[in-house]
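Trainee: I am new to this structure and would be grateful for a close look at a single part, the surroundings of the ligand. Please then lead me from there to the rest of the chain.

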Amino acid sequence: LNGRLETALKDGELVPWFQAKVDMRTGAIIGSEALVRWNHPVHGLLMPGSFIPLFERNGLVVDIDMHIFEQVCMTMQSWRLRNLPLRTVSCNFSRLHFDRPEFPRQLVEIAGRYAIPHDLLEVEITESAIMKNPEAAWLRLIQLKQFGFKTAIDDFGSGYSSLGLVQMLNADVIKIDRSFVQRDLPGQRAQIVLGSIIRLALELEMAVICEGVETAEQAAILMRLGCFKAQGFYYATPEPENEFEARLAMQIS
Ligand code: C2E
Ligand code: CA
Ligand code: CA
């Protein structure tokens, strides 16, 4: 994989798939997350888990992230031209971007190339990436916000994050890690913890979305705890662009 990345990017082998984020009360699509897939000519469809860690180690993940972001902007432009409803799309970014002062401006430049309003683009950064270098994360997130992009803390609660982090970072969205939903629910103690995280986030005026919702029971508990946004197989799996488009086209307005 290693020696071929540049060619693969040029040949369009790495593409974003889209997973819907929904309002659990109505099932309406409120946005989506772009997740990279590699259509490898020999190995077939590769999932990010099989190559992202490799390219995190040699730094090339930066090129992958920027490529996917550009593909997303290009796709959104085509949705707009075809009058499909535009919703926020989030992209994943490695912590390696924290050390790149040019990162926020690059996003501005790419979004501008396709005339995509910044508030329709969301930058997802994992809690573990933030914990490795909170000051650098803080600085980049502020810059991104100043440019009008949305920011999200991904995998929240997966490690030992402190609640102080939430206060300091002032992100727009908290994405609650799927381990809470899948491993810990319907446990009583888990519900108490989850309920307080949800209330805390909402009081700080951050949106909360739960990842990994796979059953109606999980959805019902989350709604009872005050969270109405979800991403998970119960609602939709990640899909290639054309399939997600068909889903978007079924939305009213
Ligand atoms: P993530 O950002 O936490 O993305 C969510 C992952 O959870 C996706 O796996 C998605 O398919 C999976 N998922 C969604 N709903 C459910 C569910 O209900 N149940 C279960 N069991 N899983 C669910 P995927 O696509 O394999 O991506 C894995 C990870 O790879 C992502 O985790 C993200 O950390 C990373 N990744 C994906 N695309 C990119 C990218 O463009 N750049 C970077 N740097 N990392 C990426
Ligand atoms: Ca993510
Ligand atoms: Ca996540």
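**The shell around ligand 1**

Mentor: The residues of the shell around ligand 1 fall into three groups: 10 are nonpolar, six are polar and eight are charged. The model is a predicted one, and the values that follow are computed from it. In total, 24 residues surround ligand 1. The closest of them are Arg-37, Asp-65, Arg-178, Glu-214 and Phe-233.

Let us see which parts of the chain supply this shell. Four elements each contribute at least two residues to the shell: the strands β2 (29-40) and β6 (150-156), and the helices α3 (61-81) and α8 (178-184). Of the contributors, β2 gives the most, with four residues. The space that ligand 1 takes up is the largest pocket.

Several side chains approach the ligand with polar atoms. In the case of Glu-214, a polar side-chain atom lies 2.5 Å from a nitrogen atom of ligand 1. Asp-154 places a polar side-chain atom 3.0 Å from an oxygen atom of ligand 1. For Asn-92, the distance between an N or O atom of the side chain and an oxygen atom of ligand 1 is 3.1 Å. On its own, ligand 1 has 800 Å² of accessible area, and the protein covers 83% of that area.

We may now follow β6 a little further, as this strand is one of the elements that supply at least two residues of the shell. Asp-155 lies in strand β6. Its phi is near 55°, which is a positive value in a residue other than glycine. Is Asp-155 buried or partly exposed? The cut-off for buried is under 20% relative accessible area; Asp-155 has 23% relative accessibility and therefore counts as partly exposed.

Ala-115 also deserves attention for its backbone. The phi of Ala-115 is near 55°, again a positive value in a residue other than glycine. Ala-115 is found in a loop, the one between α4 (103-113) and β5 (121-126). Because its relative accessibility is 46%, Ala-115 counts as partly exposed.

Helix α8, another supplier of the shell, leads to a further backbone feature. The loop between α8 and α9 (188-203) holds Pro-186. The peptide bond from Leu-185 to Pro-186 is cis, and its omega is near 5°.

Let us turn next to strand β1 (residues 14-23), where Gln-19 has its place. Gln-19 counts as buried because its relative accessibility is 7%. The side chain of Gln-19 makes a polar contact, at 2.8 Å, with the side chain of Gln-231. Ala-20 also has its place in strand β1. With a relative accessible area of 1%, Ala-20 is buried. Along the chain, Ala-20 and Leu-248 are 228 residues apart, while their C-alpha atoms are separated by 9.0 Å.

Ahead of this strand, Glu-13 is found in the loop between α1 (5-10) and β1. Which side chain does the side chain of Glu-13 contact? Its partner in a polar contact of 2.8 Å is the side chain of Trp-38. Glu-13 has 10% relative accessibility, so Glu-13 counts as buried.

Two further residues complete this tour. Glu-124 is found in strand β5. At 1% relative accessibility, Glu-124 counts as buried. The C-alpha atoms of Glu-124 and Ala-201 are separated by 16 Å, and these two residues stand 77 residues apart along the chain. Leu-86, by contrast, is found in a loop, between α3 and β4 (88-92). A relative accessibility of 23% is the reason that Leu-86 counts as partly exposed. Leu-86 and Pro-16 are 70 residues apart along the chain, and 16 Å separates their C-alpha atoms.

To return to the ligand, the picture to retain is that of a pocket, the largest one, taken up by ligand 1. Its shell draws on β2, α3, β6 and α8, each with at least two residues, and Glu-214, Asp-65, Arg-37, Arg-178 and Phe-233 are the closest residues.

Key:
Residues are numbered from 1 along each chain as its sequence is written. Chains are lettered from A and ligands numbered from 1 in the order in which they are written. This is a predicted model: local features need pLDDT of at least 70, side-chain atom pairs count only at pLDDT 80 or more; totals for chains, interfaces and linings use all residues. Side-chain values use heavy atoms; hydrogens and water are left out. A residue is near a molecule or strand if one of its heavy atoms lies within 4 Å of it. A polar contact is a pair of N or O atoms within 3.5 Å; within protein, one must be able to donate a hydrogen and the other to accept it, and residues adjacent in sequence count only if both atoms are side-chain atoms. Accessible areas come from the Shrake-Rupley method with a 1.4 Å probe; for residues, only the protein chains shown count as cover. On a 1 Å grid over the protein atoms alone, a cavity is a set of points where a 1.4 Å probe fits but cannot get out, and a pocket is an open set with protein on both sides within 12 Å along at least five of seven lines; lining residues have an atom within 4 Å of a point. A molecule sits in a cavity or pocket if more than half of its atoms lie within 2 Å of its grid points. Ala, Val, Leu, Ile, Met, Phe, Trp, Tyr, Cys and Pro count as nonpolar, Asp, Glu, Lys and Arg as charged, and the others, Gly among them, as polar. Buried means under 20% relative accessible area, exposed over 50%, partly exposed in between (1.4 Å probe, protein chains only).
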